[in-house]
Amino acid sequence: MQASQQFKTISVIGLGYIGLPTAAVFASRGVKVIGVDVNARAVDTINRGEIHIVEPDLDIVVRAVVTDGALRATTVAEPADAFLVAVPTPFKEGFEPDLSYIESAARGIAPVLKKGDLVILESTSPVGATERMAEWLGEARPDLSFPQNAGEASDIRVAHCPERVLPGHVLRELVSNDRVIGGMTPACSAAAAALYKIFVEGECVITTARTAEMCKLTENSFRDTNIAFANELSLICDQLDIDVRELIALANRHPRVNILQPGAGVGGHCIAVDPWFIVHSNPEQAKLIRTAREVNDFKPKWVIGKVEEAMAQARMTGADVRIACLGLAFKPDIDDLRESPAVDIAHELSSRYAGQVSLVEPNIEALPAQLAEARLVALDTALAEANVIAVLVAHKEFRDLRSRLKPHQRLVDVVGISRA
């Protein structure tokens with residue numbers, strides 16, 4: 001039986017930056033897809049054939065699959081043959097993983113499960129989260145059997161398959177990237193692999209659920225540690241009066257050295273969060289991973305210090321200063337503000353200098369509630385008003401910035417875009 005025949009209807013729970021593109025790609029392969037989200041506004045937007053996030057070409061695909069009836073969104077789970085859970089997994093105070101969204105999703109789909117269904121957790125999760133999700137499903141549906149109590153003979157197959165795509169390139173990487181698939185049993189893995197092979201051109205690599213969970217955490221902790229090295233270098237070079245970007249360019253001429261570029265910190269729903277899942281589960285062993293997180297979490301404080309240093313050098317008083325923060329997203333040319341260090345920097349500066357901070361983020365139309373003290377303005381307005389300009393994200397709109405500055409304006413460029 002072909003996978004598309006085995007899975008006639010797929011439900012994607014969570015229609016955000018991963019869930020919506022995944023739903024759209026499945027639908028583009030001729031599979032009926034039901035998207036589920038608690039955000040009624042997002043559901044209505046999708047059902048009009050529009051999108052509520054920024055991702056290149058996603059609007060074209062969504063419009064096409066909604067128009068031909070392959071994709072439909074709703075706020076309540078409906079029966080399907082496979083369920084993909086792609087909901088947030090933040091952490092609580094003390095960096096304790098918050099699995100409440102996964103629990104809510106599990107309890108939401110449990111009433112519509114039937115024998116033979118497949119449930120896949122795509123959310124980046126601490127080790128053991130897939131097993132916990134299966135327990136919640138089992139509690140809600142004692143009439144069905146699950147892998148934790150029935151093994152290979154279970155009525156419901158359960159697996160973990162983390163996403164590993166780059167914002168701005170999601171549609172391409174969903175198809176081309178390899179997928180790590182960890183079932184709670186071999187039969188669960190096989191079912192999940194069959195599902196993803198509907199559109200995945202990369203290899204579907206089989207492992208256990210726990211190893212698949214740890215694989216995603218490892219990938220992002222590796223990246224976080226390498227970014228921390230670059231960010232720590234920037235702090236050291238600032239003290240030694242060395243241009244860190246020149247230094248990195250020179251060091252990278254070594255055939256086995258590839259140092260990343262420093263920035264305002266680390267953000268996003270994965271790299272800024274996932275290492276803490278490892279630290280929380282193994283605090284005594286995860287010393288390097290913890291230190292990297294602490295280095296990257298400190299960087300926004302350093303940036304704020306550089307802004308105030310620029311003010312002091314220009315002999316600006318608190319009443320005179322007009323600060324423009326350029327960029328709020330966690331990386332260039334997207335609208336995603338999750339865990340963004342730029343947001344934290346803007347919030348702190350807006351609190352210290354109320355009414356004197358303007359924000360430029362070309363990819364959003366309104367500020368989040370935590371930035372209510374500031375104004376969202378166009379780049380031209382910010383450059384006309386500000387005497388201190390902090391470049392926090394290397395958006396393409398800022399690339400010719402240096403040529404537009406006036407002699408009295410102080411530039412704090414922590415992403416190196418003014419060197420271009």
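T218 lies in helix α10. With a relative accessible area of 41%, T218 is partly exposed. Pair T218 up with V158 and you get 60 residues of separation in sequence and 22 Å in space, C-alpha to C-alpha. Keep in mind throughout that this is a predicted model.

**Around α10 and α11**

Helix α10 spans 209-240, and it turns up again as part of what covers the buried residues of α11. Helix α11 itself runs over residues 244-251, and its buried residues are V244, R245 and I248. Looking down the axis of α11, you find those buried residues within an arc of 100°, so they line one face of the helix. R245 has a second role here: its backbone nitrogen sits 2.9 Å from a side-chain oxygen of D243, which caps the N-terminal end of α11.

**The sheet of 8 strands**

One open sheet has 8 strands in the order β3-β2-β1-β4-β5-β6-β7-β8, and its pairing is mixed. At the edges are β3 (71-74) and β8 (204-208), each pairing on one side only. From one strand to the next, the twist averages 25°. As a general reminder, strands of a sheet pair through backbone hydrogen bonds, either parallel or antiparallel.

Zoom in on β1 and β4 for a parallel case: residues 9-13 make up β1, residues 82-85 make up β4, and 4 bridges join the two. In that pairing, V12 stands opposite L84 of β4.

Which strands does helix α9 lie across? Helix α9 (residues 186-196) lies across β1, β4, β5 (118-121), β6 (157-160), β7 (179-183) and β8. Its direction runs at about 145° to that of β7.

**The sheet of 5 strands**

Another open sheet has 5 strands, ordered β11-β10-β9-β12-β13, and here the pairing is parallel. Its edge strands are β11 (375-376) and β13 (410-413), and each of them pairs on one side only. Strands β9 (residues 323-326) and β10 (residues 357-360) pair in the parallel sense, over 4 bridges. Within this pairing, C325 stands opposite L359 in β10. Helix α13 (residues 287-313) packs on this sheet, where it touches β9, β12 (388-391) and β13. The direction of α13 makes about 160° with that of β13.

**Two backbone oddities**

Most residues other than glycine have a negative phi. R315 goes the other way, with a positive phi of about 55° although it is not a glycine. R315 is in the loop between α13 and β9, and at 76% relative accessibility it counts as exposed. D333 is also not a glycine, and has a positive phi of about 65°. You'll find D333 in the loop between β9 and α14 (341-352). How accessible is D333? It comes out at 27% relative accessibility, so D333 counts as partly exposed.

**Salt bridges**

The structure holds 25 salt bridges. Here are some of them, with N to O distances.

| Pair | N to O distance |
|---|---|
| R172 and E173 | 4.0 Å |
| R352 and E308 | 3.0 Å |
| R375 and E385 | 2.5 Å |

Start with R352 and E308, whose side chains meet in a salt bridge. R352 lies in helix α14 and E308 in helix α13, so this pair ties together parts that are 44 residues apart in sequence. R352 counts as partly exposed at 42% relative accessibility, and E308 is partly exposed too, with a relative accessible area of 26%.

The side chains of R375 and E385 also meet in a salt bridge. R375 lies in strand β11 and E385 in helix α15 (residues 379-385), so the pair ties together parts that are 10 residues apart in sequence. R375 is partly exposed, with a relative accessible area of 40%, and E385 counts as partly exposed at 38%.

What about R172 and E173: buried or partly exposed? R172, at 49% relative accessibility, counts as partly exposed, whereas E173, at 14%, counts as buried.

Finally, there is a network of salt bridges that links D81, K114 and D117.

Notes: Residues numbered from 1 in each chain as written. Predicted model: local features only at pLDDT ≥ 70, side-chain atom pairs only at ≥ 80, totals over all residues. Heavy atoms only, no water. Pairing = 2+ DSSP bridges. Contact = heavy atoms within 4.5 Å. Axes fitted to C-alpha atoms, helices over the stretch in contact; angles between N-to-C directions. Buried < 20%, exposed > 50% of the residue type's maximum accessible area, 1.4 Å probe, protein only. Arc of directions from axis to C-beta. Polar contact = N/O pair within 3.5 Å; in protein donor to acceptor, adjacent residues only side chain to side chain.
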